[in-house]
Amino acid sequence: MTGITAYKCNKCGLVMYPKHFRCLKCKGREFEEIEPAGDAKLLTYTVVDQLPWGMDERGRVLGIVEFANGVKATGLVKADDPKLGMKLKAEWGPVRVVGGEPAYGLTLIPKK
Amino acid sequence: MDMEVESYLRPPEIEKPPYPAKVVTLATGGKMVVRQVDRDAVPTLLRAIKPTVEIARDYYDVVGARLYAELIGWYRYRVRDEFCLVGQIDGLLVGIVNSRSYSPHTDISLHTLAIERGLRIGAHLFASKMEYSIEYLGRDEVLITAESPIGFRRWMIEYGLEKREGQHELGGATPYALTREMYFKNKARLVAGERPVPKEIMEIAEREIKIASERDIREKILGAAREIQ
Amino acid sequence: MRPVVIAGVGMIPFERTEEGGLVEMLATAGLNALVDAGVDDRPVDAVYLGNMASGLFNHQEAVASALVDSLALMPAAAERVENGPASGGSAIKNGFLAVASGFSDIVLVVGGEKMREVIGPKATDIVATMTHPMAEYVYGVTLPAQAGMFARLYMTKYGITRHHLAQVAIKNQNNGLLNPYAHIQMKITEEGILTHPQAHINNPVVADPLYLYDCCPVSDGAAAVLLTTPEIAKALKKPQVIIAGVGQATDTHALQEREDPTDLKAVTLAAKKAFEMAGAQPKDIDVAELHDAFTILEIAESEHAGFFKKGEGAQALDAGVTQIGGKLPINPSGGLKARGHPVGATGVAQIVELVWQLRGTAGKRQVKEAQTGFSLNFGGFGNNVLAFVVRREA
């Protein structure tokens, strides 16, 4: 389970994440809720050493992935040696602590 | 001087292997020599520290006044096991750091004063005194505190230091510690410098510790007045 | 629409200010523009203030009202215009529309931000609130992180190397040394930030492949322009530097939704609109101020705005084309990289620099015989972009 919901336009089929009130392509207003499915391919990434206040870590890998069913999303990549195009498996996990509580999001683990 | 009384007042001193000088290449391409100085250098260093005592920006006054006192204390044999490293570019003094040894296991980091700004000189010199304590004196840890937000960012955040119970010798905020393990983990990222220092560069550094004028020191710290069009 | 003349410009040096709050900074820049235009005795109809986040940075809102009060401009209309790091450009656009439409005759536009009231990581966080809350921000995405993800793809696709990025930083910091208003007054070398084996210690990773010297500093600053009609400008005996073209375009909020993440569509469209309105082409531009919040952006924007073909911006840079004295000087002011990037001030500061260049009063960084200038103010990560063409009329 990835924990995120993407939206597929009923009229033109465009897959969007996050949510929009109107389709980015055809302005349609009806969508099918879909889950990202299949392997995630790493489209781009960065390794961040200067994080915002409250995130005391370095070397945090953030990346944009595309799932086999067309959903594109940003997530926390848990790979020591990220490579463009690498295949990742998505999970729903803690990505940040907000007000002492964990906030959840998309975590991406290299596929063995 | 009554040397009998003096002998009671002078703290004993632990023998320390010297800090081998190194040269750091800065973002400007400039070469900063980092080297240890002995007591004799103190009167010269005080000339550079004096103008900072009146600069409130970034707590230069607090750091400057305390460093001034610590160095006089060391010069006149009233501080135990203190050491001092300086940074020089073409002989000119650009920064001073000092610490003192508390035990064979622990050193206490005292102050970091950067006279030239914007070039990580304070960060390079701070890293150098950690290098001395951990690598050359073999300490297990160095106790650290910060008096300015810049210091806080440079030491606590960049090294990811551990909080410690009790008080730092300077009596300020919560003490933190840099452990041997933490030092080596961060060394490649934070500790610069090449050895040996090329002879001609070392000669210039050792010949004279040049001190900028009071006005120049103020300008370096506060920024030069700008000629606006 | 009526032609709109930039009759007065003013700035304060960008730096980390020690004394005075945000409103004092804005008022000083605004007063400098009023004095430069010589409109002391004429009523100002409206004030537009470009500011991104005075609430978060300075715990103060309704700053435009405070500004008119400070400058004794009542009963002038006043409002703050917020468009992220393009707030300044948006404020100018609003001022332009007010004069062009005939609604106002004299408009003061001020842009400013006081960011150094908070520590660096907090400023990073405040700026990062621009990203999509659930799809980006929660992961720790910052503006440098977005730029890092963009840079990785752009560099790979077009063969741009860290050498090229360093050339942008070196050029703009050299230009900054010629600009007394620039925050960063320091010459850097490729050895010190890139080629020396220990250069990574001076120039640490911010968001790989972007390093410290690829990023603009966090600065305090303010800049202002006075906009009016050609008739009033003539009566004030000011040079006729007009806003000849304005363009604005937006793109998706989340970076991941761009069909081609290396395509800065909003830059292309905003520039195209500004050129069309001005009846000009990229080849007509004598000097450009681009939004180099990150070194990669100067190269990418120079291509997207139409000055160079895609993939040729880096060669132009290497060949010296974008140096002062080159065929198309880019960021003679030092750009965001050296002048600094007080977010709400930048779009206005870019126009101030162009006016100085077109008036021939830019001092040591003067671009010879500059008649037409271009500026690009990049909001968000390219999701709300403004472009301007300004021209000196005979």
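**The B–C interface and helix α1 of chain C**

In this predicted model, 27 residues of chain B are in contact with 31 residues of chain C, contact meaning heavy atoms within 4.5 Å. Local features need pLDDT of at least 70, and side-chain atom pairs count only at pLDDT 80 or more, whereas totals for chains, interfaces and linings use all residues. Residues are numbered from 1 along each chain as its sequence is written, and side-chain values use heavy atoms, without hydrogens and water.

Between them, chain B and chain C bury about 2200 Å², 47% of it on carbon and sulfur atoms; this area is the accessible area (1.4 Å probe) that the two parts lose on being put together, summed over both. Three salt bridges were counted between chain B and chain C, each defined as a side-chain nitrogen of Lys or Arg within 4 Å of a carboxyl oxygen of Asp or Glu. Arg16(C) forms a salt bridge with Asp58(B), with the closest N and O atoms 2.6 Å apart. On the side of chain B that touches chain C, α5 (149–159) and α6 (180–190) of chain B each supply at least two residues.

Within chain C, helix α1 comprises residues 22–37; at 1.5 Å a residue, its 16 residues should span 22 Å, and the distance of 23 Å between its end C-alpha atoms agrees. The expected span is 1.5 Å times one less than the number of residues; helices are DSSP runs (H or I, at least four residues) and strands likewise (E, at least two), numbered from the N terminus. The buried residues of α1(C) (under 20% relative accessible area, 1.4 Å probe, protein chains only) include Leu22(C), Met25(C) and Leu34(C). Among the elements against which the buried residues of α1(C) pack are β1 (5–11) and β4 (106–114) of chain C. Just after α1(C), Gly38(C) takes a positive phi of about 70 degrees.

Technical notes
Chains are lettered from A and ligands numbered from 1 in the order in which they are written. Buried means under 20% relative accessible area, exposed over 50%, partly exposed in between (1.4 Å probe, protein chains only).
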